[in-house]
Amino acid sequence: MRAPLPLALLLLLALAGTSATAAEHAAPTLDSLADGAVLLDGLGTQERKVTTASPQAQVWFNQGLRLTYGFNHDEAARSFAQAARVDPTCAMCFWGVALVLGPNYNMPMLAENAPAAWDALQRARQLAPRTTSVEQALITALTQRYPGPEALPPEKMAPFNEAYAAAMAAA
């Protein structure tokens, strides 16, 4: 008679865990991506000067770049989004968000990230005319990577990956 109680408890715990997991994986928005961003020490010295009037946005952008190089794409997205929050006119800050929300060496693009990646890329494109020619080339190259606001399965990404690689080589 005691066996049903633990089974019921396990079922309740499993259901509670499922709802928490679903909430954790809700689709991010450009506004929510920066939540929880913190500046970290010891990430190295790599940097790239981008078009921004804000020294703080540059700091956040550089951290996002370092985290990208370290394959910590979630933290990189937070850093790039925080940079964009600090300077909403920084095209490369939005480019960084779009870059790290996309597919990478370790995983394909997650469906829940596709709308935010697309929105960030569109914002970068809008702001691109105010940037350097190199920044414009990087933003233009990234437009080759995404066919739209929905994620495609990896087997359908080949033409976009090839176009992106060619555009990056030109950049």
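## A buried aromatic pair and its all-helix surroundings

Phe61 is buried, with a relative accessible area of 0%. This value, like every other one in this report, was computed from a predicted model.

**The aromatic pair**

Phe61 takes part in an aromatic pair with Phe80, and the structure holds 1 such pair. The arrangement of the two rings is tilted, with 5.2 Å from centre to centre and 55 degrees between the planes. The angle counts as tilted because stacked rings have planes under 30 degrees apart and edge-to-face rings have planes over 60 degrees apart. Phe61 belongs to helix H3, which spans residues 55-69, while Phe80 belongs to helix H4, which spans residues 73-86, so the pair ties together parts that are 19 residues apart in sequence. Like its partner, Phe80 is buried, and its relative accessible area is 0%.

**The chain as a whole**

Those two helices are part of a chain whose secondary structure comes to 8 helices and 0 strands, and whose pattern, read along the sequence, is α-α-α-α-α-α-α-α. The chain has 171 residues, of which 38% count as buried. Among the contacts with a separation of 6 or more, 59% are between residues 24 or more positions apart.

In the loop between H3 and H4 lies Phe71, whose phi is near 60 degrees, a positive value in a residue other than glycine. As a general background, most residues other than glycine have a negative phi.

**Helix H5 and the disulfide**

How many of the residues of H5 are buried? The count is 11 of the 11, so helix H5 is largely enclosed by the rest of the structure. Among these buried residues are Ala91, Met92, Phe94 and Gly96, together with Val97, Ala98 and Val100. The partners against which the buried residues of H5 pack are helix H2 (30-33), H3, H4, helix H6 (114-127), helix H7 (133-143) and H8.

One of the buried residues of H5, Cys93, also has a covalent partner, since a disulfide joins Cys90 to Cys93 with an S to S distance of 2.5 Å. A search of the whole structure finds 1 disulfide. The torsion about the S-S bond of Cys90 and Cys93 is about 75 degrees, so this disulfide is right-handed. Cys90 counts as buried at 0% relative accessibility, and Cys93 is likewise buried, with a relative accessible area of 0%.

**The second largest pocket**

Helix H5 also contributes to a pocket, the second largest one, where H3, helix H5 (91-101) and helix H8 (158-170) are the elements that give two or more residues to the lining. This second largest pocket has a volume of about 340 Å³ and is lined by 15 residues, with Thr68, Tyr69, Trp95, Leu99 and Tyr164 lying nearest its centre. H3 provides the largest share of the lining, 3 residues. By class, the lining is made up of 9 nonpolar, 3 polar and 3 charged residues.

**Three partly exposed residues**

Alongside the buried positions described above, the table gives three partly exposed residues, each with its helix, its relative accessible area and a C-alpha to C-alpha distance to a residue elsewhere in the chain.

| Residue | Helix | Relative accessible area | C-alpha to C-alpha distance |
|---|---|---|---|
| Arg78 | H4 | 25% | Gln63, 9.8 Å |
| Trp118 | H6 | 22% | Leu101, 9.2 Å |
| Ala158 | H8 | 36% | Arg145, 9.7 Å |

Arg78 and Gln63 are 15 residues apart in sequence. Not counting residues up to four places away in sequence, Arg78 touches Leu33, Ala34, Asp35, Gly36 and Ala37. At 25% relative accessible area Arg78 is classed as partly exposed, because buried means under 20% and exposed over 50%.

Trp118 and Leu101 are 17 residues apart along the chain, and Leu101 is one of the buried residues of H5. Which residues does Trp118 contact, leaving aside its neighbours within four places in sequence? They are Tyr146, Pro147, Gly148 and Pro149.

Ala158, finally, lies in helix H8, one of the elements that give two or more residues to the lining of the second largest pocket. The separation between Ala158 and Arg145 along the sequence is 13 residues.

Note on methods:
Residues numbered from 1 in each chain as written. Predicted model: local features only at pLDDT ≥ 70, side-chain atom pairs only at ≥ 80, totals over all residues. Heavy atoms only, no water. Phe/Tyr/Trp six-rings, centres within 6.5 Å; stacked < 30°, edge-to-face > 60°. Helix = DSSP H or I, 4+ residues; strand = E, 2+ residues; numbered from the N terminus. Buried < 20%, exposed > 50% of the residue type's maximum accessible area, 1.4 Å probe, protein only. Disulfide = S-S within 2.5 Å. 1 Å grid on protein atoms, 1.4 Å probe; cavity = no way out; pocket = protein on both sides within 12 Å on 5 of 7 lines; lining within 4 Å. Points joined across faces, edges and corners; volume = space filled by probe spheres on them. Nonpolar A, V, L, I, M, F, W, Y, C, P; charged D, E, K, R; others polar. Contact = heavy atoms within 4.5 Å.
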